[in-house]
Amino acid sequence: MIFLDNASTTQVYDDTLEVYCKYSKELFFNPSAPYKCANDIKSTIDKATKDILKFLNGEANSKLIYTSCATESNNTVLLNQLNKRYKKILISIGEHSSIYNLMQEVKNKGYEIQTINLTKDGTVDIEDFKNKMDNEVGLVSIMHVSNETGAINPIKELVKIAKSINPNCIFHCDGVQAMCKIKVDLKDLGVDMYTFSGHKIHAPKGIAGLYTKIDIHPYLIGGGQQSSLRAGTENVSGIMALHYAIVNTDIDSNFKKVSELFDYVCTTLSGREGIKINTNNNSSHYIVSISLSGVNGATVVNMLDECGICIGTGSACSTKKAGNTTLNAMGISSSNILGSIRVSFCEKNTIEEVKEFCDKLLEVYDKLKKMLGKK
């Protein structure tokens, strides 16, 4: 099998799995228990947290809350805005469904939600952001790297604009597709909150993080774990596997590897009749959005699946829904949106795999066009 859908999830590496198993079988103790071996686990988690905050260059006195997934982290951010003085929230139109789909509930609570347009390259339209940002905006939530196209948003610039207009607004960034793929310096970016997820970076599913410089209201109430910010016995195995995956990431080396794959796909497919690359070279090289005119992207995905190649049509959390708000906001035609697919790499993918993908994709596309031409 050739797996080129790493933006949806990633394989847990053997050494990371060994760490997970170690803290599940040998060092399985509850960090809240009173005996020494449990206290040692609590100290181990505390050190891991410091390491991750150092990796992210988080602000002094910032906190890292471990959650079950990025959806929980993103929901926590939005729900914490309720009952606040400021009743206006800005999000980009390209946000993940865990942000975008929660907006209706937030609206029902009396909040005004405004969406920021995207430019043709998939990044947030800065001029539109400036026009909509005012001193009544209490929360801004804009993803760092698009999960659909890989477009990298100018977060530092957006934070400066937002804070210059309302210094009290909270700026949240969904960093799921940025974490361990591009260099993330939270102190430099200036964000107040930042989300990331383990299973996107070769750690297990069921563990994620929410960085915060501000106090938050807990939504899981219980034994006071994680400084009473999220109750429930800590997922020790997940936390330690997440920590291992993060601190052992070589961002520069990995970027060099995936850039070769990115360049090959874009060069091979660009200029082919009916094929459009929606991702530009300034984006993350881990993701390529491709449109195939005149066919259905889901059909292409299924036919490639039969060939042993796994890709996606877009966000795995949105595959059952029609359309694509991100591509639509970029001005891509409805026909090209219908025929859109998403290819996403990890550093373990090989040039031979992407060559086979390109060959099979062109073969499948030609076959579909001939079939449709006969009707």
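**Reading the labels on a predicted model**

Author: Let's start with Asn 61, which is placed in the loop between α2 and β2. This is a predicted model, in which local features need pLDDT of at least 70, side-chain atom pairs count only at pLDDT 80 or more, and totals for chains, interfaces and linings use all residues. Residues are numbered from 1 along each chain as its sequence is written, and side-chain values use heavy atoms, with hydrogens and water left out.

Reader: What do names such as α2 and β2 stand for?
Author: They label DSSP runs, numbered from the N terminus: helices are H or I runs of at least four residues, and strands are E runs of at least two.

Reader: Why is Asn 61 called exposed?
Author: Its relative accessible area is 74%. Exposed means over 50%, buried under 20%, and partly exposed in between, with a 1.4 Å probe and protein chains only. Asn 61 is therefore exposed. Its phi is near 70°, a positive value in a residue other than glycine.

Reader: And what makes Asn 57 partly exposed?
Author: Asn 57 has a relative accessible area of 29%, so it falls in the middle class. Asn 57 also lies in the loop between α2 and β2 (63-67), and has a positive phi of about 55° although it is not a glycine.

Reader: How do you know that Ile 246 is buried?
Author: The relative accessibility of Ile 246 is 0%, so this residue counts as buried. Ile 246 belongs to helix α10 (residues 236-247).

Reader: What does Ile 246 touch?
Author: Contact means heavy atoms within 4.5 Å. Not counting residues up to four places away in sequence, Ile 246 touches Ile 52, Phe 55, Met 179, Cys 180, Phe 196 and Ile 201. Phe 55 is 191 residues away along the chain, yet the C-alpha atoms of Ile 246 and Phe 55 are separated by 7.9 Å.

Reader: What makes helix α3 mostly covered?
Author: Seven of the 10 residues of α3 (residues 70-79) are buried. They are Ala 70, Glu 72, Ser 73, Asn 74, Thr 76, Val 77 and Leu 78.

Reader: How do you know which helices are roughly parallel, and why do α11 and α15 earn that description?
Author: Axes are lines fitted to C-alpha atoms, for helices over the stretch in contact, and angles run from 0 to 180 degrees between N-to-C directions. The axes of α11 (residues 251-269) and α15 (residues 351-373) come within 10 Å and cross at roughly 25°. Under 35 degrees counts as roughly parallel, over 145 as roughly antiparallel, 65 to 115 as roughly perpendicular and the rest as oblique. So α11 and α15 are roughly parallel to each other.

Reader: Which residues make that contact?
Author: From α11 come Glu 260, Leu 261, Tyr 264, Val 265, Thr 268 and Leu 269, and from α15 come Ile 351, Val 354, Lys 355, Phe 357, Cys 358, Leu 361 and Leu 362.

Reader: What makes something a nonpolar core, and how many residues has the largest one?
Author: A nonpolar core is a set of buried Ala, Val, Leu, Ile, Met, Phe, Trp, Tyr and Cys residues joined through side-chain atoms within 4.5 Å. The largest has 57 residues, and those with the most contacts inside it are Phe 129, Val 140, Phe 171, Val 191 and Tyr 194. Helix α2 (residues 36-56) gives the largest share of this core, seven residues. A second, separate core of 35 residues includes Leu 269, Ile 311, Val 354 and Leu 368.
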